[in-house]
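Here is a friendly walk through one protein model, meant for someone seeing it for the first time. Have a look at the sequence and the structure, then read on.

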Amino acid sequence: EAAKTRFVERNPKSKQLFEDACEILPGGNTRTLLYSAPFPICMKKGENYQVFDEDGHVYTDLVGELTAALYGHSHPLIQESIISTVKNVGLNLGATIAQEAVHARLICQRFGLDKVRFCNSGTEANLHALAAARHFTGKRKVVVFSGAYHGAVLGFWDGVQPNGVDKDDWVIGKYNDLASARALIENDDIAAVMVEGMQGAGGCISGTDEFLLQLQTSAKKVGAIFILDEVMTSRLGPAGLADIVGIKPDLKTFGKYLGGGMAFGAFGGSADLMAVYDPRSATSLAHSGTFNNNTLAMNSGYVGLNNIWTPDVAVEFNKMGDAFRVKLQELTKGTKMSVTGRGALNAIHFSEQGERELSCREDIVEDWGLKDLFFIEIMEDGFWITRRGSIAMILGTPQSELDRFCECVSRFLERHRA
Ligand code: PLP
C-alpha cells in the first residue's frame with residue numbers, strides 16, 4: 001500500500017493523462033499489455049538505452065519495446081535511413097520497390113529461407129503462415145502450446161482459446177511435454193504445428209532441444225507444416241533460435257526489430273510452400289496489405305540488420321545477456337525471485353519453484369503481490385521493465401547499468417526478506 005501511494009504521488013502527470021485518455025480509449029490505451037493498475041506510466045521520449053516519462057523520471061529501458069527496440073531509441077544509422085528515405089524516396093508509392101527484394105534477400109540469407117514475404121506485424125506473419133499451411137495441406141487444425149503468444153488474436157494463455165478466431169481450429173498441448181505433443185500431432189488431422197522456441201510473453205520459458213526436435217519429427221511424419229515463431233527469438237543468435245537448436249522448420253515467422261523500429265512482420269520458408277503466395281499461379285492465396293512494403297520498414301529494417309545487427313554483434317550481445325542472467329540467477333538463488341531466459345531476452349518471476357523447475361506456463365505460480373512491489377520499486381530505482389517481468393535488452397545498454405540492476409535486485413530481496 002505504501003509503495004502504491006508513493007507511485008501515485010510520484011507520477012501525477014501520468015495519472016492525469018491516463019484519466020483523460022480513459023474518456024476516449026477503453027482502459028486509456030490501445031495495448032493491453034501496457035496497462036497496469038492503478039494507471040500506467042506515460043512515456044514522453046526515448047534516447048539510446050533510456051526512456052523519459054511525463055513526470056520527469058529517467059529510466060534505463062529494459063522493456064526494449066518487447067524486442068522491437070533492439071537498436072536503441074535513436075541509433076544514428078536508423079535515424080539517417082529514416083530521414084533519407086522520407087526526403088529522397090517518399091513514404092507510400094503504391095508500387096513494388098527495389099528495396100523489397102534487397103531486404104528480403106538479406107533476411108533469407110541470414111535466417112536460411114528460400115523465400116520470404118512481408119507484412120506489418122508478427123501477428124499477421126503468423127496468420128499468413130497458418131493460411132499457407134492450411135492451403136498446402138488442405139487441413140485446418142493447428143497444434144499450439146499453452147502459454148504461447150503468437151500475436152494479438154493468437155494468445156494461448158493457460159490453455160485458454162484466443163479471441164476472435166474459430167475455437168475448433170486449435171489443439172492446445174503442454175509446452176515441453178514430448179509424449180503428449182507427439183500424441184496430439186500424430187493422432188489427429190493436423191495442418192500445422194506452431195511453436196515458439198522459447199515462449200517469450202509466456203515468461204521466457206525455453207523449449208528443450210528434444211521437445212522442438214520431436215515436434216519437427218512428428219509434424220514431418222504426418223505431413224503437417226512445422227512453423228517456428230521467431231518473432232522474438234530471431235535475435236538470440238545471428239541466424240535465430242532454429243540455428244542454435246539445429247531444427248529446420250518448414251516456415252518461420254518474424255517481426256519486431258527486423259523492421260528497424262517500423263511496424264513489421266515477415267514469414268518465409270521453403271520455395272514450394274511459399275509458392276502458395278505466388279500471384280502468377282491461378283490457385284495462389286491472396287496476400288495484400290497497404291503497408292507491406294512501406295519504404296521506411298524496407299530501408300531501416302535493412303540498415304539495422306545489415307549494418308548494426310551483424311552476426312558478430314548478435315553473438316556478443318547475447319553473451320552479455322547470458323552473463324547478466326547468470327549473475328541474476330546466482331544472486332537470487334534461494335530467494336522467491338527467479339530468472340529465466342536465453343541470451344539478451346530474459347524474464348523475472350516471483351515463484352517458489354525456482355527457474356530450474358519452470359518448463360511450462362503451468363509451472364509458474366506467480367506471487368503477484370511481490371512482483372507488483374518489485375515493479376514499483378525497480379522503477380523508483382530508474383529501471384523500466386514490464387509488469388510481467390520481461391527484460392529485452394537493447395544495444396548500447398552500459399554494463400554498469402546491468403550491474404546496478406543486480407545491486408537493486410539484491411537490496412529489494414533483502415529489504416522484503418523475499
Ligand atoms: N509472436 C511472438 C512470439 C511475439 O512475441 C509477438 C509479439 O510480442 C508476436 C508474435 C506478435 O507480434 P506483433 O506484436 O508484431 O503483432
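Helix 3 and helix 10 are roughly antiparallel to each other, because the angle between them, about 150°, falls over the 145 degrees where that label begins. Keep in mind that this is a predicted model. Helix 3 covers residues 76-88 and helix 10 covers residues 295-308, and their axes are 9 Å apart. The crossing of helix 3 past helix 10 is right-handed. On the helix 3 side, the residues that make the contact are L77, I78, S81, I82 and T85. Helix 10 answers with T295, L296, N299, S300, V303, G304, N307 and I308. Sorted by class, the contact of helix 3 with helix 10 has six nonpolar and seven polar residues, with no charged ones.

There's another helix pair to visit: helix 6 (178-186) and helix 7 (residues 209-222). How are helix 6 and helix 7 oriented to each other, roughly parallel or roughly antiparallel? Their axes cross at roughly 15°, and angles under 35 degrees count as roughly parallel, so helix 6 and helix 7 are roughly parallel. The axes come within 9 Å, and helix 6 passes helix 7 in a right-handed crossing. From helix 6, the residues L178, A181, R182, I185 and E186 take part. They meet E210, F211, Q214, L215, S218, A219, K221 and V222 of helix 7. By class, that contact has seven nonpolar, two polar and four charged residues.

Here are the two pairs side by side.

| Helix pair | Angle | Axis distance | Crossing |
|---|---|---|---|
| Helix 3 and helix 10 | about 150° | 9 Å apart | right-handed |
| Helix 6 and helix 7 | roughly 15° | within 9 Å | right-handed |

Now for the strands. Strand 14 (265-269) has partners that include strand 4 (residues 115-119) and strand 13 (251-255). Strand 4 runs antiparallel to strand 14, and five bridges join them. In that pairing, R117 has F267 as its bridge partner. Strand 13 also pairs with strand 14 in the antiparallel sense, over five bridges, and there G255 is matched with G265.

Is strand 14 mostly covered or mostly uncovered? Five of its five residues are buried, so it is mostly covered, given that a residue counts as buried with 20 or more other C-beta atoms within 10 Å. In a regular strand, side chains alternate between the two faces of the sheet. For strand 14, G265, F267 and G269 are on one side, A266 and G268 are on the other, and both faces are covered.

The loop between strand 13 and strand 14 holds K256. K256 has a positive phi of about 50° although it is not a glycine. Most residues other than glycine have a negative phi, and most peptide bonds are trans. K256 counts as buried because 24 C-beta neighbours lie inside 10 Å. N176 is another residue with a positive phi that is not a glycine, and its value is about 70°. You'll find N176 in the loop between strand 8 (170-173) and helix 6, and N176 is buried, since 23 other C-beta atoms lie within 10 Å. As for peptide bonds, the one from A37 to P38 is cis, with omega near 0°. P38 sits in the loop between helix 2 (12-22) and strand 1 (43-47).

Next stop, E230. Where does E230 lie? Look in the loop between strand 12 (225-229) and helix 8 (240-245). With 29 C-beta neighbours inside 10 Å, E230 counts as buried. Leaving aside its neighbours within four places in sequence, E230 is in contact with G240, L241, A242, K252, T253 and F254. V195 is 35 residues from E230 along the chain, and their C-alpha atoms are separated by 8.9 Å.

Last comes an open sheet of three strands, ordered 15-16-18, with antiparallel pairing. Its edge strands are strand 15 (337-342) and strand 18 (390-392), each of which pairs on one side only. Neighbouring strands in this sheet are turned by 20° against each other on average, direction ignored. Strand 16 (residues 345-350) pairs with strand 18 over three bridges, and N346 stands opposite I391 there. Helix 11 (residues 311-332) lies across strand 15 and strand 16, running at about 160° to strand 15.

Terms used
Residues numbered from 1 in each chain as written. Predicted model: local features only at pLDDT ≥ 70, side-chain atom pairs only at ≥ 80, totals over all residues. Pairing = 2+ DSSP bridges. Helix = DSSP H or I, 4+ residues; strand = E, 2+ residues; numbered from the N terminus. Axes fitted to C-alpha atoms, helices over the stretch in contact; angles between N-to-C directions. Contact = placed C-beta atoms within 7 Å. Buried ≥ 20, exposed ≤ 12 C-beta atoms within 10 Å, placed from the backbone. Parallel < 35°, antiparallel > 145°, perpendicular 65-115°, else oblique. Left-handed = near helix turned anticlockwise from the far one by under 90°. Nonpolar A, V, L, I, M, F, W, Y, C, P; charged D, E, K, R; others polar.
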